[in-house]
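Student: Could you take me through one part of this model in careful detail, and then set that part in the context of the whole chain?

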Amino acid sequence: MAKSKRASVIKNNNQKLKKNVFGPVEAARLERISAKLLELAAQPKPIKEVEMETVNEDEAKEVTKDDSAMEVDSAKPVKVGSKKIEKKRRVKKSKIVFPKYGEKFSKKRK
């Protein structure tokens with residue numbers, strides 16, 4: 001099939017729009033984003049202060065004495081809970097109750 005003249009004109013117009021209208025807008029956006037990223041990268045990183053409690057030597061000795069008195073049975077890790085969520089299973093109950101096979105024939109025989 002031959003290419004239509006209308007399709008070629010539409011393609012050319014779209015290419016011109018991308019080049020003249022949307023191109024500068026996209027370039028400006030990229031410049032703004034890159035400037036913002038460079039500004040963020042130039043800033044110093046915030047330092048997180050972690051306070052550690054210092055333990056006196058006397059307290060440290062007491063702790064080590066208490067550790068030796070611990071029972072060995074508690075060495076196994078205790079599972080707090082499972083990570084999986086269990087869903088409640090519902091049994092589908094029919095609202096329509098059909099008579100059983102034996103009941104059908106016992107009614108007819110009587």
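Tutor: What follows is a close look at helix H1 and a patch around Val21.

This is a predicted model, in which local features need pLDDT (the predictor's confidence in each residue, from 0 to 100) of at least 70 and side-chain atom pairs count only at 80 or more, while totals for chains, interfaces and linings use all residues. Residues are numbered from 1 along each chain as its sequence is written, and side-chain values use heavy atoms, with hydrogens and water left out.

Val21 sits in helix H1, residues 5-42, where helices are DSSP runs of H or I with at least four residues, numbered from the N terminus. H1 has 38 residues and spans 53 Å from its first C-alpha to its last, close to the 56 Å expected at 1.5 Å a residue, the expected span being 1.5 Å times one less than the number of residues. At Phe22, shortly before the proline Pro24, H1 has a kink of about 50°, the bend being the angle between axes fitted to the seven residues ending there and the seven starting there.

Val21 counts as partly exposed because its relative accessibility is 40%; buried means under 20% relative accessible area, exposed over 50%, and partly exposed in between, with a 1.4 Å probe and protein chains only.

Turning to the whole, the protein chain has three helices and zero strands, and 0% of its 110 residues count as buried. The chain averages a pLDDT of 76, with 63% of the residues scoring at least 70; confidence is highest in H1, at a mean of 93, and lowest in helix H2 (residues 57-68), at 58. Where pLDDT is low, the predicted coordinates should not be read in detail.

Note on methods: Helices (H or I, at least four residues) and strands (E, at least two) are DSSP runs, numbered from the N terminus.
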